[in-house]
Amino acid sequence: MIRLRADGLLRRLLLFILLFSLCFTVLASAVQLYFEYRREMRDIDARMELIRAGYLASLERSLWDLDQEQLNVQLRGLVDFSDVARVRLDSSDFQLLQGQAEPAGPLRVERFALDFQPPSGPPRHLGELEVSIDLGAVHQRLFATGLTSLLWMSVFLCGLAVALSGLFYRLVTRHLQVMAEFARRVAAGQWQEPLRLDKRRSPRADEIDTVAHALDDMRQAILSDIERREQDRLALQDKRDELQAMVERRTESLARAKDEAEAANLAKSRFLATMSHELRTPLNGILGMAELLRTSSFDTLGRKRLEALYKAGEGLSSILNEVLFFARLEEGESHPEPVDFALRQLCNEVLTLLEPRATANGTELDCHIDARLAPHQFGAEQYLRQVLSNLLANAIKFTEGGRVSLEVRVLQGQWLRVQVSDDGIGIAPAMQARIFERFTQASETVARRYGGTGLGLAICKHLIERLGGRIGVDSREGQGSCFWFEVELPAGHDVAAESASQGLSPALEILVVEDVALNREVAGGLLERDGHRVSFAEDAAQALAVCAQRRFDLLLLDVHLPGMSGVELCRQLRAGAGPNRQTRILALTAGVQPAVVRGYLEAGMQGVLAKPLRLDRLRRALAQAEPLVLEPGAHAALDLALLQTHRQLLGEQKVQGLLATLRQSLEAQRGALLDALHLGDCTQAADLAHRLAGSSDSLGLSGLATALRQVEQAAVALDSQALQALADSTRTALDAALILLEQLIQSART
C-alpha cells in the first residue's frame, strides 16, 4: 500500500504531476478551442463566399424584374444556411426581411451590394443585401467541445499521475525508505547487518543499486576503520607502556643525576664556606690588629709599614671577596639591600680610597657631579660602591700617566648616568661585545701585563642588571675608554643623624664566644673602644656556664667552635630556662652564603656579622632595635632579616599596617581553614592555605607559611586523610603566628 507522508517525496511528486497535468490540460484545451474557432470562422467565410458567388446574380435578376415572390423564396433559402440568423434586402422598390427580426446573440453582419448590368446602358445599383451570422451559436458549440475535451483529458492525466506515482514508489521511494533506515542503524552503531533491498536483481545496475552499494561500502569501511583503530589503540597502549617504562627509567636516571648535582653543589658550598672561614679567620686577625695598631703612636716609618700591611690585607680581602661574591652571584644568592646614602659621599670615598693607587700610577683623578643631584639617595649602596670601585680601579690600572674622570649626570625622572672615562690603552672593537663576560680581558697581552681575574666587569654587569639598570662601554683602541651605567635612584633621607646616634648608643654587656685568641682580642678591642663591657668564652661549655650565671645584652657566637658549634649553642640557649633565653644573638662567621645564613636564623639568631670584623659594620649591628620578647620556639618562625628590610623600604608605620592586616586575615580565616581540614574539604583548604601562605611568607612568617604550604600540597593531591592529620599542627602554627603578630604590633607601640 502506498503511504503518502505530508512532507514525503512521493506526495510532492504526485502534486507536481497533478499540477503539471492541470496546466497541460488547460493549455491543450485552449489550443484546441483556438483551432476550432478558426475552423468555424473559415466555414462562415466559405458560406459568405458561396452567397457572393451563387446567389447575388439571381437576386439581382429577380430584383431587376421586380419579382417579389421570387425574392422571398431566395431570401428564405439564405436563412436556411447554417448560423444565418437574419437576411434583409433594402432597395428603392422593396424592404424585405427573412429570419429573426432581433437576434439575441452577438452577430457578424456581411453586406453585399446588388448591381445589375442591363442589356444596354451602364450598370444600375439596385440595393443592398445584409446577412447577419449568429456568433452565439458558434460560441456554444465551441464551449461544449472544449468542456468535453477538458474533462476527458483531465481524467486521463489524473490516472496517468496516479500510475506514475505508484511506479515511482515501487522503483524509488520504498528503496529510499529502506536506505534511510539503514543509515539510522549505522549511525546508532549497528554495523554488522548489510543493506538489503526488496528488489529484483538486474544484470545492469541502476541509480538505486549504485546508492545502495555505496552505503554498504560505507558500512564496511566503518567496520574496517574500527578494526584498524582498535589495532592502533592496542599498538599505542603497548607503546605507552614502553614509553612509561622508559620515562620511569629516565626519571630514575635524572633523579640520580639531580642527587649527584645537589651533592656536587653542596660540596661546592662547603668548599666555599671552608675557604671563607679558613682564609678570613686569619685575615680577620690581620686586619683587626692592624686597625687597632693604627690608633697607636708610631714613627713615620712604622706608620708607613703599618699602612702597607693594612693595604695588603685589604687587597687580599678584596680578591677573596670578589671570587666568593661571584660564586654567590652564580647561585643567585645575592640580593640588593636598599639603604639611605649620599652618592656624592660614596663617590668621594671611592676616589679617596683609590687615590694612592692613582698617584703611584701617575694618573690624575677628577670628579664632576651634576648640581641637580639630590643630597641623599635610597638604593643598594653596597652594589654601587662595588661597581664604582671596579670601574675606577680598572681605569687607573690601564691608564699610566693619564687622566681618569668620574661623572654623575641626572637624567629624566630619578634616573642617573654614571660614567668613568680614561685615556688609557682602550679596547679593541671585537672585544667590546665580550668584555662583560666572566674571565674575559681585553687580550692575552693585557692579562699577562696587568693581571687580574677577569671577573670585575662581569660582576658589575650582574649588579647593575639586578638594580634594573644597564651598563655599556664606548672605547677606541689606544685612545681610552668610557664605561657607563644608568640606574634609577629615588631620593633618600639624611643618614648623618643616624650615624651620630649610633656612636652615642649606651654601653652594653656583651659576651664574645670565639676559640681563636687573636679574633677575641680584635673583637674586644673594637667593642671596648665604644665603651661596651665585654666578656669572653673560648668554647660552648664556657659560654653555657657564663650564661647560666648572668644576663647579657648581646651574644656574639662564632659558628665554628670546637666541640659544640655556635648554632647548637644558640639552640640550647633558646631552649633553656636561663637568663639569656631571649637575649639577642649574632653569628660571627666568614661563611655568609644565604643558604647557610638561613640555617643560623632558623636556629634562633637575629643576624650575622661577617668576618673580618669592621668597626662600622659592628656599630650598625649594635645600633639595631632591641630583640623582641618572644615565646620559646617562636623565633624560628620569623624571618627577622626580611622584616627589617621591609622596615627600611616601607617604613615602620606601613609595616605595622601590613602586620595588622595579616593578623585580621588569620583571625577571620582560621575557623574556616580548620573546619576544612577536619572535614577533608580539599578545595576549600587549598584555596585558604594558598592565600594565607603567600601573605605570611611576604611578611617573614616562614614557619606558618611552611605549615600552610604542606596543607596546600595535600589538598592539591586530594589527600583528605593527610589534611585531617595536619589539623593539629596547623592549629598550633596559626595560634603561634597570632601571638607573634600581637607581640610585634605591641612592641612597635611601646
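## Glu-364 and Arg-403: strand to strand

Glu-364 and Arg-403 pair up in a salt bridge, with their closest N and O atoms 2.6 Å apart. The two partners sit 39 residues apart and tie together distant parts of the chain: Glu-364 belongs to strand 6 (residues 364-369), Arg-403 to strand 8 (residues 403-410). Keep in mind that this is a predicted model.

How open is this pair? Glu-364 counts as partly exposed because its relative accessibility is 46%. Arg-403 is partly exposed too, with a relative accessible area of 37%.

## Glu-130 and Arg-88: another strand pair

Glu-130 forms a salt bridge with Arg-88, and here the closest N and O atoms are 2.9 Å apart. Again, distant parts of the chain get linked: Glu-130 comes from strand 4 (residues 124-134) and Arg-88 from strand 1 (residues 84-91), with their positions 42 residues apart.

Glu-130 has a relative accessible area of 6%, so it is buried. The cut-off for that label is under 20%. Arg-88, at 29% relative accessibility, lands in the partly exposed class.

## Glu-40 and Arg-141: helix to helix

The next salt bridge joins the side chains of Glu-40 and Arg-141, at 2.6 Å from N to O. This one bridges distant parts of the chain as well, with Glu-40 in helix 1 (residues 9-54) and Arg-141 in helix 4 (residues 135-187), 101 residues apart.

Which class does each partner fall into, buried or partly exposed? Glu-40 is buried, because its relative accessibility is just 7%. Arg-141 reaches 32%, so that residue counts as partly exposed.

## The wider salt-bridge picture

Glu-40 and Arg-141 aren't on their own, either: they are part of a salt-bridge network that also takes in Glu-36, Arg-39, Asp-43, Arg-47 and Asp-83.

How many salt bridges turn up across the whole structure? A search of the whole structure comes back with 33. Among them are the Glu-364 to Arg-403 contact, the Glu-130 to Arg-88 contact and the Glu-40 to Arg-141 contact.

## His-690: an annotated position

Away from the salt bridges, there's one position to look up in the records. UniProt lists His-690 under "modified residue: Phosphohistidine", and the entry is an unreviewed one.

Where is that histidine in the model? His-690 lies in helix 20, which spans residues 682-698. With 48% relative accessibility, His-690 counts as partly exposed. The exposed label would need over 50%, so His-690 at 48% doesn't get it.

Technical notes:
Residues are numbered from 1 along each chain as its sequence is written. This is a predicted model: local features need pLDDT of at least 70, side-chain atom pairs count only at pLDDT 80 or more; totals for chains, interfaces and linings use all residues. Side-chain values use heavy atoms; hydrogens and water are left out. UniProt positions are given in the numbering used here, feature names are shortened, and annotations may be inferred rather than shown by experiment. Helices (H or I, at least four residues) and strands (E, at least two) are DSSP runs, numbered from the N terminus. Buried means under 20% relative accessible area, exposed over 50%, partly exposed in between (1.4 Å probe, protein chains only). A salt bridge is a side-chain nitrogen of Lys or Arg within 4 Å of a carboxyl oxygen of Asp or Glu.
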